Amino acid sequence: MKKHLSFISLVCCLVFFASCKEEAERQTFCIHGTIPGLTAGVEIGLLNAEDPNAGEIAKATVQEDGKFWLEGTVEHPTLCTLTTNNLALLGDEAEASDYEGVKWTYTPVFVDNSDMEIQVPSYDLVPDAPESANFHIVGSPAHQDYCEFVSLCGNVEFERPRTDVALQFFAAHPTSVVSVYAANKLLTNAYNLTAEQVRQMQQTLTGCPADTARFNRFTERARLAEKTTVGSPIVDLDLVTPDGTRCQLADIVKSHAGKHLLIDFWASWCGICRASTPAIKTLYGTLDHAQFEVISVSCDEDDAAWRKAMQDDQMPWAQYCLTPDGYKAFFANYQTIGVPYYLLVNPEGKVIANPSGIDEVERLLNP
């Protein structure tokens, strides 16, 4: 009888633990508060700021007295945008009055599955920053770290913070999801970090219990970045010339030994790229070609569009296009998310910078 009861007890325990595990997997976040001046009927939403295509994560309508309660689930701690708007209150009047009286707010918030309370004395004081003297979101470890990091580097610079500031934060928060998020941002675009900075990140960031998938991406990005640090040779890419000849980027760089070489990655469909071409032409025309050269590498997959753009823009330097294999390697190994993308190579064939624009190229060439 005792054995039978023990078996039943064991089964009950297993069922209980399975239920607890299922409940843990169903964790939700709750963002709530009471904001004076927030009118009943105003809509509050939460957007995924890391993936604009993900749509709205949660949505709610403000109740009386400025109370709101926004619930949902995130698979992992996620940078989001908390929005409010009064469009539903204005109805047809908003369109008729050319949106006069429409009010939107956009507040960045790092959301994890926790209870998060917004504290602010007035709706008019809701900022476009994660924290202010009068605005706080309490209850979320991820958001607390986010606020601290933003206060160090500034809200505008958060997406590409200064490396020294980021490393300082990483040292103090070696397992924070915000540290790993920022590290992945720094590793985007090859040749913008030194070998020592990459090593320091690898040694400092020891894990991320709150988001192991994000940490695994960091590990892989850092491994790739080891080959694309400032002062390293170019990572090779397969190219094709306008006459159809296959060639290698590394060989092209070697053929320009003894000169500074600007590599302009662009595409016919990239408006910013095309708008930057006149500035490159100006730079090209003012510098000695015995000491400086330019090549353009297109990311076009449409051969006709590439050729038309070359004809329209009349770039007087050598033109190349990535092959299908080169295209995949460029976005994977250079860890860039798009073009324009510039690399400046020194006369010894080493990449010395990933300039943000042509103005920076000029500063590097004329310190």
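The legends below describe close-up views of a predicted model.

**View 1. Packing of helix 4 on helix 5.**
Helix 4 spans residues 141–153 and helix 5 spans residues 163–172; their axes come within 10 Å and cross at roughly 150 degrees. Angles over 145 degrees count as roughly antiparallel, and helix 4 is therefore roughly antiparallel to helix 5. The crossing of these two helices is right-handed.

**View 2. Residues in the contact of helix 4 with helix 5.**
From helix 4, the contact involves D145, E148, F149, L152 and C153. These meet V165, A166, Q168 and F169 of helix 5. Sorted by class, the contact of helix 4 with helix 5 has six nonpolar residues, one polar residue and two charged residues.

**View 3. Packing of helix 5 on helix 6.**
Helix 6 covers residues 177–186 and packs with helix 5 at an angle of about 155 degrees. The axes of helix 5 and helix 6 are 10 Å apart. The two helices are therefore roughly antiparallel to each other. Helix 5 passes helix 6 in a left-handed crossing.

**View 4. Residues in the contact of helix 5 with helix 6.**
T163, A166, F169 and F170 are the helix 5 residues in this contact. On helix 6, their partners are V178, S179, A182, A183 and L186. By class, the contact of helix 5 with helix 6 has seven nonpolar and two polar residues, and no charged residues. A166 and F169 of helix 5 also appear in the contact with helix 4.

**View 5. Buried residues of helix 5.**
In helix 5, the buried residues are T163, V165, A166, L167, F169 and F170. They pack against helix 4, helix 6 and helix 7, the last of which spans residues 195–204. Among the buried residues, V165 takes part in the contact with helix 4, while T163 and F170 take part in the contact with helix 6.

**View 6. The four-stranded sheet.**
Four strands form an open sheet with antiparallel pairing, in the order 3-2-5-6. Strand 3 (56–61) and strand 6 (104–111) are the edge strands, and each pairs on one side only. From one strand to the next, the twist averages 20 degrees.

**View 7. Pairing of strand 5 with strand 6.**
Strand 5, residues 78–85, runs antiparallel to strand 6, and eight bridges join the two. Within this pairing, T81 stands opposite P108 in strand 6. Strand 6 is an edge strand of the sheet.

Key: Residues are numbered from 1 along each chain as its sequence is written. This is a predicted model: local features need pLDDT of at least 70, side-chain atom pairs count only at pLDDT 80 or more; totals for chains, interfaces and linings use all residues. Side-chain values use heavy atoms; hydrogens and water are left out. Axes are lines fitted to C-alpha atoms, for helices over the stretch in contact, and angles run from 0 to 180 degrees between N-to-C directions. Angles under 35 degrees count as roughly parallel, over 145 as roughly antiparallel, 65 to 115 as roughly perpendicular and the rest as oblique. A crossing is left-handed if the near helix is turned anticlockwise from the far one by less than a right angle, and right-handed if clockwise. Contact means heavy atoms within 4.5 Å. Ala, Val, Leu, Ile, Met, Phe, Trp, Tyr, Cys and Pro count as nonpolar, Asp, Glu, Lys and Arg as charged, and the others, Gly among them, as polar. Two strands pair if DSSP finds at least two bridges between them. Buried means under 20% relative accessible area, exposed over 50%, partly exposed in between (1.4 Å probe, protein chains only).
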